[in-house]
Amino acid sequence: MSIKPKLILPFVLFYSLICGAQVIAIENGPDIQEKLQEALILAKPGDTIRLGEGFYSFSDGLSLDVDEVKVVGTGMDKTVLSFAEQESGAQGLLVTSSKVILKDFAIEDAKGDALKVIGADGIYMINIRTEWTGGPKSTNGAYGLYPVESKDVLIDGCVAIGASDAGIYVGQSENIIVRNSRAHYNVAGIEIENSYYADVYDNVASHNTGGILVFDLPDLPQQGGHHVRVFRNKAVDNDTDNFAPEGNIVGEVPRGTGIIIQANSDVEVFDNDISGNGTVNLSIVTYSAETDDENYYPHPKSIQVHGNRFGNGGFDPDVDKAIAGILYELSEGNMPDIFWDGILPLTQMIFGQPDEEKLVLSDNGEASFMALKPIKYMLSLPNVTTSDTEPYNRKIRPLSAVVMEIPEGI
Amino acid sequence: MKIALTNFMVISFMLMSANLWSVNDAKITSSEFPKVLSEFEFFIDQTKQLPAENVHPYELITTLFSDYSYKSRFIYVPEGKEGSYQKDWVYDFPVGTALIKTFYYPLDERNLDLGLNLLETRVLLHKETGWEAVSYAWNEEQTEAFIKIAGKTINTSWINNEGVSRDVRYRVPNMNQCKECHSTNDVISPIGPKARNLDKDLVYRGEKKNQLAYLLEHGVIDSIPKGNQAVADWEDESVPLQERARAYLAVNCGHCHMPSGVANSTALYLDFNEIRPLHLGINKSPVATGRGSGSLKYSIVPGEADKSILLYRMISTDPGVMMPESGRALVHTEAVNLIEKWINSMRR
């Protein structure tokens with residue numbers, strides 16, 4: 001065969017037919033580490049690696065670096081890859097190739113991250129469970145499903161439990177869909193960080209410290225997160241004490257936070273159920289730590305929140321965390337459903353924000369609101385907050401949906 | 001008579017082979033890896049690691065820590081070709097080049113004559129399609145090394161300089177792990193043979209000579225850069241602390257922690273070229289470190305090594321915390337001491 005590599009991509013199917021894409025069935029056994037790792041290395045594009053029902057125990061991390069490989073089990077509760085006995089390797093499974101499909105298996109008790117994907121152009125995770133089985137503990141690995149520096153990221157029907165940072169974490173990536181998934185007992189349930197064009201919908205984030213986080217951090221190769229739609233999710237009953245090791249940004253998240261938007265632009269939050277979050281249901285904040293990064297914009301802008309159903313919130317504020325403490329003080333104990341810290345670049349605080357960058361709040365039922373007036377706050381003047389949503393009741397400019405080509409038959 | 005003739009033939013064959021012994025070039029560039037190391041014919045005596053004439057041993061000034069294992073390095077460049085100098089990078093060696101590195105423990109570090117325990121021989125082969133890396137693990141008889149696509153765990157021990165027997169769960173890397181460290185912008189590349197890390201004197205057959213000069217003379221490299229800045233030997237106490245620390249970190253961390261390396265999403269860059277304090281870790285917050293942070297806030301806190309994540313991760317042997325992520329099971333105590341001293345020497 002002398003098909004040039006660049007011709008292979010468009011003709012995957014054809015290529016598979018004539019060259020015979022293989023299905024490699026892996027049998028469990030004492031040498032499973034070497035057998036599966038070898039299969040992952042020797043697989044050819046188009047191949048499927050099939051893992052039957054069973055509990056597979058590994059002593060070292062696994063990795064895949066071949067494009068267009070499918071790794072498939074028989075179900076997230078039936079095919080379990082356990083790393084409880086792991087002695088080396090910083091992840092459970094590491095993927096560094098593109099157009100990879102991972103489906104129907106679980107990764108349990110990894111020593112570091114459960115499933116990390118670096119630099120993929122196309123990564124499709126379907127019905128994958130990542131879990132630390134001992135419940136929320138600071139000794140658990142940081143991330144469950146963790147694609148970074150990737151493009152075309154699909155996380156569909158997945159479950160993430162017990163991560164000491166984020167259950168589902170998409171970092172420095174582009175064109176992302178996270179849907180039909182569940183995140184429980186993580187510090188952050190679902191986190192989209194320093195990423196562009198993400199649709200997060202039909203997910204349930206409950207019993208985490210914070211449910212859904214849309215963050216942007218400075219000093220990174222990709223920053224300026226923008227165009228994130230968070231809709232039809234349930235960010236409810238996030239009531240787990242923050243168990244992140246200190247030093248990590250999510251360590252600042254107060255227990256009982258539904259959704260946080262920090263330092264992103266063009267974020268649309270709509271049609272979600274947000275309730276049962278003891279500190280605050282929705283928080284829109286500026287990145288507050290010091291940075292010398294001149295290319296970094298620390299303020300949230302063009303944030304639209306509409307048509308959400310807010311329920312009970314703020315009934316058990318985690319006042320040990322700085323942001324919750326301030327909020328508690330400002331609200332005199334009446335924690336709002338929606339909080340905006342009001343912090344803008346100084347010129348905008350004096351002369352006003354451009355219209356298209358202004359916060360939009362509309363049709364959120366009886367949700368209570370509080371925004372800080374930072375200048376008054378700094379000068380210790382009275383009336384440092386406002387709860388009037390009327391100035392924010394502006395026309396909605398819907399963001400467009402993420403368009404992604406998803407391989408057929410997955 | 002018959003016997004004598006046979007002996008004569010054997011002897012003359014041996015003499016011829018010493019002179020004419022040649023590396024099997026086809027095995028280096030073939031798309032398939034040979035199953036055993038001897039097929040490459042890099043060595044006249046493989047067990048003794050006695051290389052063929054045009055397979056040149058070389059050394060680096062500051063080396064990667066691999067659980068206190070010793071390493072023998074060799075380079076083979078096909079006849080009539082040479083590696084061309086690249087600024088701040090490894091020599092650009094031609095297709096057909098092989099870099100060969102054997103990892104071993106002496107049975108007793110206090111007396112190397114007691115014998116060696118060869119663990120693995122890693123090869124980096126420059127094929128038409130680019131560099132490829134794989135390792136061969138030695139059999140117990142130490143007669144042959146066998147390809148280990150998926151890596152191998154070797155539970156072994158050696159007696160160190162203090163006479164202490166040390167156990168180690170030594171890992172032969174799998175092919176993907178080879179790639180992880182050897183990737184720059186997703187392309188596999190050698191890491192070691194940079195002009196600045198080769199610039200040292202060695203003794204060749206009793207004669208002291210600069211290694212770069214030797215390699216130039218033997219057609220391995222095309223030139224020696226003018227005013228080449230040799231890296232510091234991290235163990236050389238006569239060298240300023242800063243240079244020793246930076247050399248150690250560059251060689252042990254910088255291949256992943258550089259802007260084109262696998263760990264670039266962390267924005268912690270420890271390669272030689274990095275000069276921005278924040279990206280070197282000074283008061284840099286962790287990004288996606290998880291429990292790797294050890295509840296500390298910054299990679300490096302000047303003057304406070306015990307508050308520095310970088311050191312915390314060097315001291316750990318927990319796979320979810322330790323750095324580097326692979327290739328180390330033991331703590332490199334001497335390096336930990338160096339980095340601790342370096343951080344503590346920084347002005348607060």
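Q: I take it two residues count as in contact if their C-beta atoms, placed from the backbone, lie within 7 Å. With that in hand, what do the buried residues of α6(B) pack against?
A: They pack against α8 (333-345) of chain B. Buried means that 20 or more other C-beta atoms lie within 10 Å of a residue's own; 12 or fewer makes it exposed, anything in between partly exposed, and again the C-beta atoms are placed from the backbone. Helices (H or I, at least four residues) and strands (E, at least two) are DSSP runs, numbered from the N terminus.

Q: Before we go on, what kind of model is this?
A: A predicted one: local features need pLDDT of at least 70 and side-chain atom pairs count only at pLDDT 80 or more, while totals for chains, interfaces and linings use all residues. Residues are numbered from 1 along each chain as its sequence is written, and chains are lettered from A and ligands numbered from 1 in the order in which they are written.

Q: Okay, back to α6(B). How many of its residues are buried?
A: 9 of its 12, so to speak of it as mostly covered is fair. The buried ones are Arg244(B), Ala245(B), Arg246(B), Ala247(B), Tyr248(B), Leu249(B), Ala250(B), Val251(B) and Asn252(B).

Q: And how far does that helix reach?
A: α6 covers residues 241-252 of chain B and spans 16 Å from its first C-alpha to its last, close to the 16 Å expected at 1.5 Å a residue. The expected span is 1.5 Å times one less than the number of residues.

Q: Where do the domains of chain B run?
A: Domain 1 is 23-217 and domain 2 is 241-345, with bounds that come from an automatic or database domain assignment. Their C-alpha centres lie 26 Å apart. The contact between them takes 20 residues from domain 1 of chain B and 17 residues from domain 2 of chain B.

Q: Which elements on the domain 1 side supply at least two residues each?
A: In chain B, those are β10 (165-172), α3 (175-182) and β11 (183-184). β10(B) gives the most, with 4 residues. By class, that side of domain 1 divides into 8 nonpolar, 7 polar and 5 charged. Nonpolar here is Ala, Val, Leu, Ile, Met, Phe, Trp, Tyr, Cys and Pro; charged is Asp, Glu, Lys and Arg; the others, Gly among them, are polar.

Q: What about the two chains, how many residues are in contact?
A: 36 residues of chain A are in contact with 34 residues of chain B. On the chain A side, α3 (32-42), β7 (88-95) and β11 (143-148) each supply at least two residues. The largest share, 5 residues, comes from α3(A). That side has 12 nonpolar, 15 polar and 9 charged residues.

Q: Switching to the overall fold: how many helices and strands does chain A have?
A: Chain A comes to 6 helices and 32 strands. Its radius of gyration is 22 Å, close to the 22 Å that the globule rule gives for 410 residues, so chain A is as compact as a globular protein of that length. That radius is taken over C-alpha atoms, and the rule is 2.2 Å times the number of residues to the power 0.38. Of the 410 residues, 56% count as buried.

Q: And chain B?
A: Chain B has 8 helices and 14 strands. Its radius of gyration is 21 Å, close to the 20 Å from the globule rule for 348 residues, so chain B too is as compact as a globular protein of that length. Its C-alpha atoms fill a box of roughly 85 × 45 × 40 Å along the principal axes. Buried residues make up 42% of the 348.

Q: Which residues does the cis peptide bond in chain B join?
A: Met323(B) and Pro324(B), with omega about -10 degrees. Pro324(B) sits in the loop between α7 (309-315) and α8 of chain B.

Q: Is Asp109(A) buried or exposed?
A: Asp109(A) counts as buried, because it has 22 C-beta neighbours inside 10 Å. It also has a positive phi of about 55 degrees although it is not a glycine, and it is found in the loop between β8 (100-108) and β9 (113-118) of chain A.

Q: Same question for Asp88(B): buried or exposed?
A: Exposed, because Asp88(B) has 11 C-beta neighbours inside 10 Å. Asp88(B) has a positive phi of about 55 degrees without being a glycine, and lies in the loop between β4 (70-76) and β5 (98-106) of chain B.
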